[in-house]
Amino acid sequence: MENRQKLVINGGKRIEGEISVHGAKNSALPILSAAALAHGESVLHNVPTLTDVDAACRILTTLGCKCRKSGNTVTVEASNVTGSEIPDTLMREMRSSIVFLGALLGRTGHCRLSFPGGCELGARPIDLHISALRKMGAEINEEHGYLDCVAPDGLHGAKISLSFPSVGATENILLAAVTAKGCTEIHNAAREPEIVDLSEFLTKCGAKISGAGESVITVEGVRRLEPCEHSVSPDRIVAGTYLCAAAITHGEIILTHCDPSAMNGYLPVLEAMGAKIYTYGGGKLYMSCKRLKAPPTIRTMPYPGFPTDIQAPFTALCSLAEGTTVFVETIFENRFRHVPELIRLGASIRTEGRVCVVQGVRSLSGAKVRASELRGGAALIVAALAAEGTSEITGLEFIDRGYEAPEKAFRSLGGDIRRV
Ligand code: UD1
């Protein structure tokens with residue numbers, strides 16, 4: 001739903017201070033879906049307050065679960081999962097609702113959902129999810145824009161080789177495999193930290209999984225899962241966005257409740273750009289930055305490479321670096337939609353297909369800009385915090401999907417930012 005609010009930012013203030021990183025959206029969503037597999041009440045901590053999390057809770061409620069959120073703790077009571085259809089409105093609201101497919105098939109043997117279709121990042125097909133689930137015994141019909149999936153005899157284990165290490169497909173296969181009959185092997189599995197987090201939750205529920213975080217994951221199906229208590233891991237992309245905001249304003253920041261080991265895809269890039277970074281035990285990281293040198297090339301890759309989700313904030317950062325950076329986006333075909341808005345703020349960027357060339361400029365200047373997707377919206381905040389004068393950012397419905405109260409977060413770090 002369109003959000004009529006906007007962020008008003010008076011740029012040029014240094015971003016400095018200490019901030020705690022909230023839980024990861026991309027961990028919370030599959031774990032909420034996994035909670036539907038556990039027969040009883042699971043308690044999830046460190047769940048971020050985001051519109052995508054609200055959407056996931058509404059899906060659980062439509063399926064017959066009882067979902068309560070109190071602060072950052074969500075309780076999911078899944079003793080009775082009576083529904084098996086994800087309403088079209090929720091599917092349209094959040095394309096990642098597809099991650100309920102594997103869990104529902106495992107729990108009820110049936111799932112009906114509308115075809116997710118394209119999204120703001122491009123076509124985003126789900127062929128890998130479907131072919132894997134078919135291999136595991138699901139019958140899937142695609143008709144009139146709907147996917148109707150049934151597993152009349154239950155799911156069974158299978159050997160699955162993914163042609164690309166898709167995060168969502170790996171999650172759906174895991175969710176389907178944990179209670180399937182027999183053993184499932186996932187080859188060329190996604191290795192993202194969010195896969196590890198989901199596996200940890202499932203393992204606490206009684207699942208038998210080995211190899212999460214590696215290219216081959218093996219799952220020995222069990223009869224049923226019991227509920228558990230789990231804390232969602234920190235959001236490595238939100239952490240990176242705070243770092244970009246501090247670096248672009250030549251600030252100094254301490255992140256707490258983060259996981260530096262999950263941030264290795266981009267921390268070396270920040271260091272090469274001139275940032276001083278120190279990590280401490282207990283999820284703490286210090287960064288200061290006085291001068292920004294442009295890295296020659298940034299190529300997005302599956303984990304452990306440079307994450308596609310932090311590409312947009314880095315294009316903002318490189319806009320004010322000394323030199324030129326070539327970005328190559330290898331994961332999504334349409335991930336430079338924020339670039340025309342950065343140009344409005346004074347950036348010098350040319351795009352050609354999956355490549356964009358950012359030529360650092362001396363200064364950015366405030367302007368009215370519009371977010372058209374989540375991480376692109378974060379890039380606009382980063383740029384506006386450094387731009388001279390006032391910027392207004394609309395399209396907050398995208399930013400609120402993945403950033404918990406960004407105006408409060410950046411205000412606590414010295415930014416002049418408010419939501420009106
Ligand atoms: C997840 C993340 C998203 C992140 C992305 C890549 C969530 C909720 N979202 O998205 O923030 O940017 O991983 O790190 O966790 N593909 C196919 N066929 C498929 C599945 C995927 O061709 O069946 C393609 C996609 O179109 C895309 C690429 O594979 O080009 C990567 O997609 P995938 O890893 O599946 O991303 P998501 O799980 O959708």
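Visitor: Which residues are the closest to the ligand, and how many surround it?

Guide: The ligand is surrounded by 17 residues, and the closest are Asp 127, Leu 128, Ser 166, Asp 309 and Ile 331. A residue is near a molecule if one of its heavy atoms lies within 4 Å of it. Keep in mind that this is a predicted model, where local features need pLDDT of at least 70 and side-chain atom pairs count only at pLDDT 80 or more, while totals for chains, interfaces and linings use all residues. Residues are numbered from 1 along each chain as its sequence is written, and side-chain values use heavy atoms, with hydrogens and water left out.

Visitor: What makes the pair formed by the ligand and Leu 128 a polar contact?

Guide: A polar contact is a pair of N or O atoms within 3.5 Å; within protein, one must be able to donate a hydrogen and the other to accept it, and residues adjacent in sequence count only if both atoms are side-chain atoms. A ligand oxygen is 2.7 Å from a polar backbone atom of Leu 128, so the pair qualifies. Val 167 also offers a polar backbone atom, 2.8 Å from a ligand oxygen. Arg 335 uses a polar side-chain atom, 3.4 Å from an oxygen of the ligand. With the protein in place, 85% of the 740 Å² of accessible area that the ligand has on its own is covered; such areas come from the Shrake-Rupley method with a 1.4 Å probe, and for residues only the protein chains shown count as cover.

Visitor: Which helix gives the largest share of the shell around the ligand?

Guide: That's H5, with three residues. Helices are DSSP runs of H or I with at least four residues, strands are runs of E with at least two, and both are numbered from the N terminus.

Visitor: How do you know that helix H12 has the span you'd expect?

Guide: The expected span is 1.5 Å times one less than the number of residues. For the 13 residues of H12 (374–386) that gives 18 Å, and the end C-alpha atoms are 19 Å apart, so the two agree. At the N-terminal end, Glu 373 acts as a cap, with a side-chain oxygen 3.2 Å from the backbone nitrogen of Arg 375.

Visitor: Why is H12 called largely enclosed?

Guide: Because 13 of its 13 residues are buried. Buried means under 20% relative accessible area, exposed over 50%, and partly exposed in between (1.4 Å probe, protein chains only). Helix H4 (100–108) is mostly covered, with seven of its nine residues buried, among them Phe 100 and Arg 107.

Visitor: Why is His 257 called exposed, and what is His 250 called?

Guide: His 257 has a relative accessible area of 54%, over the 50% mark, so it's exposed. His 250 has 34%, so it's partly exposed. Phi of His 250 is near 55 degrees, a positive value in a residue other than glycine, and the same goes for His 257, with phi near 55 degrees.

Visitor: What makes a positive phi worth pointing out?

Guide: Most residues other than glycine have a negative phi, and most peptide bonds are trans. Talking of peptide bonds, a cis one joins Tyr 303 and Pro 304, with omega about 10 degrees.

Visitor: How do you know whether Thr 308 is buried or exposed?

Guide: Its relative accessibility is 11%, under the 20% limit, so Thr 308 counts as buried. The side chain of Thr 308 also makes a polar contact with the side chain of Glu 329, at 3.1 Å.
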